[in-house]
2 protein chains.
Amino acid sequence: MSENEKKHREIDALGEFGLIETLTKGAVLKNPSSILGVGDDAAEIELSANESILVSSDMLVEGVHFNLSYVPLKSLGFKAVSVNVSDIFAMNGKPEQITVSLGISSKFPVEALEELYKGIHAACAFYNVDLVGGDTVSSYSGLILSVNVIGRVSKKKITYRAGAKENDLVLVTGDIGSSYLGLQILEREKGVFLENPNIQPKLEGYDELIKKQIQPIARQDIIDLFQELDVVPSSMIDISDGLASEALHLAKSSDCSISLYSDKLPITEKLIVTAEELNLDPYMCAMNGGEDYELLFTIGQKDYAKIKNHPSFSVIGFVTDKSQDSLLIDKNNSAVKISAQGWKHF
Amino acid sequence: MSENEKKHREIDALGEFGLIETLTKGAVLKNPSSILGVGDDAAEIELSANESILVSSDMLVEGVHFNLSYVPLKSLGFKAVSVNVSDIFAMNGKPEQITVSLGISSKFPVEALEELYKGIHAACAFYNVDLVGGDTVSSYSGLILSVNVIGRVSKKKITYRAGAKENDLVLVTGDIGSSYLGLQILEREKGVFLENPNIQPKLEGYDELIKKQIQPIARQDIIDLFQELDVVPSSMIDISDGLASEALHLAKSSDCSISLYSDKLPITEKLIVTAEELNLDPYMCAMNGGEDYELLFTIGQKDYAKIKNHPSFSVIGFVTDKSQDSLLIDKNNSAVKISAQGWKHF
């Protein structure tokens with residue numbers, strides 16, 4: 001192994017979160033308006049005695065986060081916005097503005113960029129956010145989308161990753177794992193197409209999975225629902241890297257552990273059937289799939305009555321003392337330690 | 001010419017600003033907190049009755065905006081922050097937070113990223129801004145830096161590109177053109193090195209030009225000086241794309257024209273000598289060079305006494321009615337129409 005190869009390994013060994021920790025450890029918050037920096041879904045900035053500004057940024061790179069051979073540009077524009085506003089919802093806030101910076105290679109005709117922006121404008125209308133700025137630069141190497149979102153939240157309602165307490169219930173919105181299986185189907189059909197361009201891709205019947213991958217909808221509705229039900233979660237995170245990884249983030253930030261029940265995980269019939277077809281374990285897809293953009297949150301037991309049996313939520317586990325491991329418990333009551341095997345882009 | 005080539009031409013024909021106009025024309029501001037969107041140095045968001053939030057984003061792409069063969073990573077980190085906070089200064093505001101999103105290829109060892117972040121942290125300390133978030137993703141194709149800055153400004157002091165009135169004076173801070181010549185020197189020496197790696201680059205004597213290119217300092221001091229001198233410019237913009245291009249932006253936004261005097265342009269002795277050495281016209285370098293990150297602004301004549309003879313400012317022209325062209329007037333009183341030949345990254 002050469003010296004260079006050794007060095008390359010280091011980023012792999014650190015992983016994305018280790019890398020972020022290494023690079024941002026020098027970041028000290030000095031401005032009185034900086035309330036919360038790196039380490040949650042969004043940063044928090046002082047607005048007034050009652051309200052905070054939330055800020056979050058995400059970058060999407062062609063070939064890493066999306067593949068233009070099967071993602072329509074309009075869907076990509078919509079998704080880039082969804083991924084970002086999801087971080088504001090994860091703080092129980094409302095997004096209000098976005099900026100979009102774009103790196104584009106000259107192979108892009110203006111018409112293609114207009115398609116991309118149709119998706120961005122459609123998402124702005126859907127989430128009621130305004131596109132207020134950005135940058136447009138040339139890139140030698142495919143499309144790069146960097147979106148920054150600004151939102152607001154009442155200080156009474158702001159929900160951090162930290163805040164889960166022992167015996168709190170762990171809940172998740174919607175269903176999980178579909179987005180990952182949607183991606184597997186798209187990859188499979190792309191492989192078939194590359195081998196024989198005369199074979200039409202078989203995508204019929206997988207619509208719900210593919211839609212969740214190509215154009216996920218961030219859970220704006222849940223923030224309204226919390227308001228309606230008069231619930232403020234004790235902690236919350238959005239599921240971008242997979243349930244296992246996000247549950248561990250929540251536990252670490254809250255200085256506790258989390259136990260989840262595999263038979264309580266909200267997975268669809270379609271997910272089970274498709275996972276079998278692809279020789280994948282459906283629970284593995286649900287735990288480690290990623291890109292669901294559902295919300296994972298905890299509530300105190302006193303709030304259980306408010307949320308019980310609501311079709312948008314599934315109670316999937318509970319918060320334990322940090323002396324215990326975070327566990328996935330199956331229906332036979334046998335437990336395995338949860339480990340993060342989420343998206344690794346390095 | 002093929003159909004594809006025709007389409008590629010369209011982006012070139014539109015140019016960066018035409019492209020931005022085309023893509024963002026669908027952007028309507030609907031949130032009451034969105035005061036100003038695309039079209040100035042930063043977007044403006046409601047904070048309170050007396051203050052606004054300012055937001056701006058810039059993307060830097062390897063091979064387009066910087067060349068790692070001669071830009072030290074620490075300087076690049078510092079510059080990425082400077083370029084962004086400069087947009088907040090251009091609104092007469094103070095930056096307070098930044099987020100940094102990073103696309104990196106696996107060829108980067110962690111040590112190199114730490115160098116980059118040393119520069120980012122140093123700039124944060126210098127400009128008194130806090131690094132509060134961002135994203136770190138993999139890129140197959142070199143380094144991508146997307147910085148987003150958030151600042152504050154009193155509504156009494158906020159300065160837009162629009163606002164210049166006929167007979168206002170046009171001023172610029174510092175000196176202009178140096179950054180462009182610094183880049184020419186670096187490119188020349190890189191060419192020499194590529195032809196014969198045994199020849200050491202000749203960079204001595206060009207330090208001030210190279211420093212202005214590699215690590216420009218955004219004019220935070222000027223915002224303090226305006227406060228001290230009790231001056232609020234009638235319009236302002238920072239010089240990233242070259243004086244000619246920025247003067248035309250200011251004129252267009254303010255619905256007026258601008259006349260500049262070539263013999264009033266603040267160019268250094270070193271610039272004149274080096275331009276001659278490279279067979280370049282020093283006035284051309286000053287007008288079209290770009291990346292100076294100085295401030296171009298206008299003031300009402302009533303404020304002239306406050307600013308007169310201050311070493312940080314040069315009065316370089318005046319605002320005229322829009323029925324006239326924007327002109328560059330030489331010492332013999334002959335005038336040429338100003339045209340933008342700034343950086344074209346497409």
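## A tour of the two chains

Start at V231(B), which sits in the loop between α6 (220-229) and β8 (235-238) of chain B. Helices (H or I, at least four residues) and strands (E, at least two) are DSSP runs, numbered from the N terminus. This is a predicted model, in which local features need pLDDT of at least 70 and side-chain atom pairs count only at pLDDT 80 or more, while totals for chains, interfaces and linings use all residues. Residues are numbered from 1 along each chain as its sequence is written, and chains are lettered from A and ligands numbered from 1 in the order in which they are written.

**Stop 1: around V231(B).** V231(B) counts as buried because it has 21 C-beta neighbours inside 10 Å. The cut-offs: buried means 20 or more other C-beta atoms within 10 Å of the residue's own, exposed means 12 or fewer, partly exposed lies in between, and C-beta atoms are placed from the backbone. Now select F226(B), I299(B), D303(B), K306(B) and I307(B). V231(B) touches these residues, not counting residues up to four places away in sequence. Contact means C-beta atoms, placed from the backbone, within 7 Å. Draw a C-alpha to C-alpha distance from V231(B) to K306(B): 7.5 Å in space, for 75 residues in sequence.

**Stop 2: strand β6(B).** Select residues 144-154 of chain B. Of the 11 residues in β6(B), 10 are buried. Add β3(B), residues 51-61: β3(B) pairs with β6(B) in the antiparallel sense over 11 bridges. Pairing requires at least two DSSP bridges between two strands. Label L60(B), whose bridge partner in β6(B) is L145(B). Then add β4(B), residues 94-104, which is also antiparallel to β6(B), with nine bridges. Here S101(B) stands opposite S146(B) of β6(B).

**Stop 3: where the chains meet.** Show both chains. In contact are 66 residues of chain B and 66 residues of chain A. On the chain B side, the elements giving two or more residues are α1 (3-24), β2 (43-46), β3, β4, α3 (110-127), β5 (130-138) and β6. Colour α1(B): it gives the most, with 11 residues. By type, this side of chain B has 28 nonpolar, 29 polar and nine charged residues. Nonpolar covers Ala, Val, Leu, Ile, Met, Phe, Trp, Tyr, Cys and Pro; charged covers Asp, Glu, Lys and Arg; the others, Gly among them, are polar.

Next, superpose chain B on chain A. The rotation is 180 degrees, with 0.0 Å of shift along its axis and an RMSD of 0.0 Å. That is the relation of a two-fold axis. The same surface serves both copies, as 100% of the contact residues of chain B recur in chain A. The fit is by least squares on C-alpha atoms of residues with pLDDT of at least 70 in both copies.

**Stop 4: helix α8(A).** Select residues 269-277 of chain A. Which residues of α8(A) are buried? They are L271(A), T274(A) and A275(A). Seen down the axis of α8(A), they fall within an arc of 105 degrees, so they line one face of the helix. The arc is that of directions from the helix axis to the C-beta atoms. These buried residues pack against α4 (178-195), α5 (207-214) and α9 (282-288) of chain A. Turn to the face away from the buried side for the exposed E269(A) and E276(A). Just after α8(A), N279(A) has a positive phi of about 60 degrees.

**Stop 5: confidence.** Colour chain A by pLDDT, the predictor's confidence in each residue, from 0 to 100. Chain A averages 89, and 94% of the residues score at least 70. In chain A, α1(A) is lowest at a mean of 63, and β10(A), residues 295-299, is highest at 98. Residues 342-346 of chain A stay under 50. The complex has an ipTM of 0.86 and a pTM of 0.89 from the predictor.

Key:
Two residues are in contact if their C-beta atoms, placed from the backbone, lie within 7 Å.
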